[in-house]
Amino acid sequence: MRSQLLTLSVSAILVTSALVVVFAMQAYKDLYRQGASDDLNGLSENLSIDLMIMMSDEPDIFSIANLLLKLDQYENVRIAAVYDQQRKLIQPYYGKVISNTSLANSEAVISQINFDDYKSFDVGMHADKESVIAFKRIGEEELTLGYLLIINDLSMPLKKSTQALILKVFPFVFFTLLITAAIIILLQNRSIKPLLDLSEFMRKIRLSKDYGLLAKVRGKNEVKTLTEGLNSLMQDINTEVEKNRKQTQLLLDQQSQMQRLANYDSLTNLPNRQFFISTLANEIEDAQQKRNDLAILFFDLNGFKWINDSFGHEVGDKLLCYVADEVSQLVEDKRFASRLGGDEFLILVNNVVDSQELLEFANTVKNELCQAIVIDGWRIEVGVSIGIALASDAHYNVSELVANADVAMYRSKAQGRSTCTLFVQSMMENNKRRIAIASALGDALRENEFSLCYQPKVDGKEKIQGYEALIRWNSSELGFISPAEFIPIAEQSGKIQAITQWVVNQVCIDMPRLLAVSPNAVVSLNISAFDLRDNELLTKISALFKKHNIKPSGIEFELTESAYLENFEVANQFITQARNLGSYIALDDFGTGYSSLGYLTQIYLDTLKIDKQFVDGIGLSQRSNTITKTIIEMAKQLDLKVCAEGVETPSQAAFLIDNGCHLLQGYLFSKPLPLEAIEHLYSNRASNFH
């Protein structure tokens, strides 16, 4: 603080002094210029009077030249000249300012002087930065005999005079500043001494940590008040320190607990994502330096959402704890398990030598977890899909390694769940295609790249009773893309609802033309499990019906069994609202779900669709025939219509008709066709389909 105050004070003095000197020098220069102008004014007045005699009749050139030579006694005269009444040059003069320069420079300067440049001056005194100019009339204003010009150099004498002044004033200013600074230092030291003592007192406290020390009260009122306040504060601090010491151990215990909470999952006690990624980064760096390889296993639980929805989140949490315990028992010193989040888990495997050994370990994990367990009296079957990725394949990059394992896990799911898949680079290419398709879906909607095909549904007499609307996509960038490929991607990317809205709108547009071919036909629309999550779905559909003047009874909504079971409550709500609207409900892919048939007693359906896998088995085995007959009979007992899809042979059609199946759908009758093709082929035989 003392140094800062001293620096500030001295700086202020220096700045102030500098400003005073600058202003004083400027004032001095102005006075010097004024004095030089006054001197030249007097000199020029005297000379103009002397010249009156020499200019009265005929100009006496010799006398004029002699008179101008008197200017030699003036050091600062640069040039002078005498002009006649018409301001024509009579006699020039070059002063000592020019003659004192070297011969070469003098001649050069003289050659550049043009006296005609000055003859147009107004009578009087003139000045600029370099010189003072006097232009005087010779004679009275009524009787002008001629004009006198004298130019004095101002820059050089002013510079010399200023330098002389500075040399005289500088010692005085310097010693004045020195004395002032010394006085300020002395006064400041006396003023801030009590504050310095307080600063030293605080330094002692910082080093000794003894908050029982008290400072001596001294100084003026402000410092005295500060010292007394500091002593009071020290007493309060000393009291609080004693309390803090008692809480230190408690804080240390809490810190340890917080550290565990930050690094471990509170439900399963497994390391969490943050801790796992941090550990993985260190292990990858170590493996790369030692030229070793490591791997991670990425897996989640199949149907976990359904378990949560069906049995409650408490059962779901207990299931996660069970899985964590099983995984913890399977990992060894060179393995490290973590819960990534939700029902996703990661296992780190160090020092991988053989991929076959890695697959065997993954299968061990899968087999241990894919077993039925009982939780709160419920028998639950758990399945896992495992993706495996090697650090070397990910170029020892943490993010790329986790992404590779994630891609491999989804490949396991696509292969039928409860499988183990080792990542290979081609999977990433497939994943890139999935990303490209997801990115192109938005453009497809904007560019109207989607189209609809309609596959007829016929009765036992092969009359058209309805159609199923099936979407097709011919991308301008990617070409034709199968619905089996882009629909799951649309569901996962959150764009399926927009696609469903487009399908409903397009069906409403096509309905008049379809009814013109088949007046009593009912058009079926597929509803995704993701669509059911939209609480405003039926409101939007109803608005489209009103917009296009479509009767709700001409529309049937098809829900897959798996979609229904995954969203049990919202699906029931949708079914109730759709039936109240006047539309029909069909349960698609019946028999492929993984639940009991008990849910059929809890919902109100109109149609049960037999999945193609059962139709394919007709005639191949008695078991397949029996299952199909059982499904048809059960539907009839529940007063439901039965529609069999995937009918491709006459024998399949005959079997289904004989056993009471109401509607048939398949390539035996027609493949899905554009609206124009249906109009062309069936407009003349809508009542007798072949």
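Which residue of E8 does Ser338 stand opposite? Leu346 is the one, as the first view shows.

**View 1. The hairpin of E7 and E8, with Ser338 facing Leu346.** This is a predicted model, where local features need pLDDT of at least 70, side-chain atom pairs count only at pLDDT 80 or more, and totals for chains, interfaces and linings use all residues. Residues are numbered from 1 along each chain as its sequence is written, and side-chain values use heavy atoms, with hydrogens and water left out. Strands here are DSSP runs of E with at least two residues, helices are runs of H or I with at least four, and both are numbered from the N terminus. Two strands count as paired if DSSP finds at least two bridges between them. E7 and E8 run antiparallel, joined by six bridges. Two residues sit between the strands of this hairpin, and Gly342 takes a positive phi near 60°.

**View 2. E8 meets E6 (residues 295-301).** Six bridges pair E6 with E8 (residues 344-349) in the antiparallel sense. Look for Asp300 opposite Glu344 and Phe299 opposite Phe345. E8 is mostly covered, with five of its six residues buried; buried means under 20% relative accessible area, exposed means over 50%, and partly exposed is in between (1.4 Å probe, protein chains only).

**View 3. The open, five-stranded sheet.** Reading across, the order is E7-E8-E6-E11-E12, and the pairing is mixed. E7 (335-341) and E12 (420-422) stand at the edges with a single partner strand each, so one side of each has no neighbour in the sheet. On average, neighbouring strands are turned by 20° against each other, direction ignored. Helix H11 (residues 398-414) packs on this sheet and touches E6, E8, E11 (384-390) and E12; contact means heavy atoms within 4.5 Å. The direction of H11 makes about 145° with that of E11. For these angles, axes are lines fitted to C-alpha atoms, for helices over the stretch in contact, and values run from 0 to 180 degrees between N-to-C directions.

**View 4. E18 (residues 584-590) and its parallel partners, E17 and E19.** E17 (residues 555-560) pairs with E18 over five bridges, and three bridges join E18 to E19 (residues 607-610). Thr560 has Asp588 as its bridge partner in E18, while Ala586 has Thr607 in E19. Five of the seven residues of E18 are buried, leaving the strand mostly covered.

**View 5. Two separate nonpolar cores.** A nonpolar core is a set of buried Ala, Val, Leu, Ile, Met, Phe, Trp, Tyr and Cys residues joined through side-chain atoms within 4.5 Å. The largest has 75 residues, of which Tyr454, Val507, Phe557 and Phe574 touch the most other members. Helix H14 (residues 496-517) supplies the largest share of this core, 10 residues. Apart from it lies another core of 35 residues, including Leu297, Val323, Ile380 and Cys420.

**View 6. One face of helix H2 (residues 61-69).** Ser63, Ile64, Leu67 and Leu68 are buried in H2. Down the axis, the buried residues of H2 fall within an arc of 135° (taken from the directions from the helix axis to the C-beta atoms), so they line one face of the helix.

**View 7. Glu462 in its loop.** Glu462 lies between strand E13 (450-458) and strand E14 (464-475). Glu462 is partly exposed, at 30% relative accessible area. Ile53 is 409 residues from Glu462 in sequence and 144 Å away in space, C-alpha to C-alpha.
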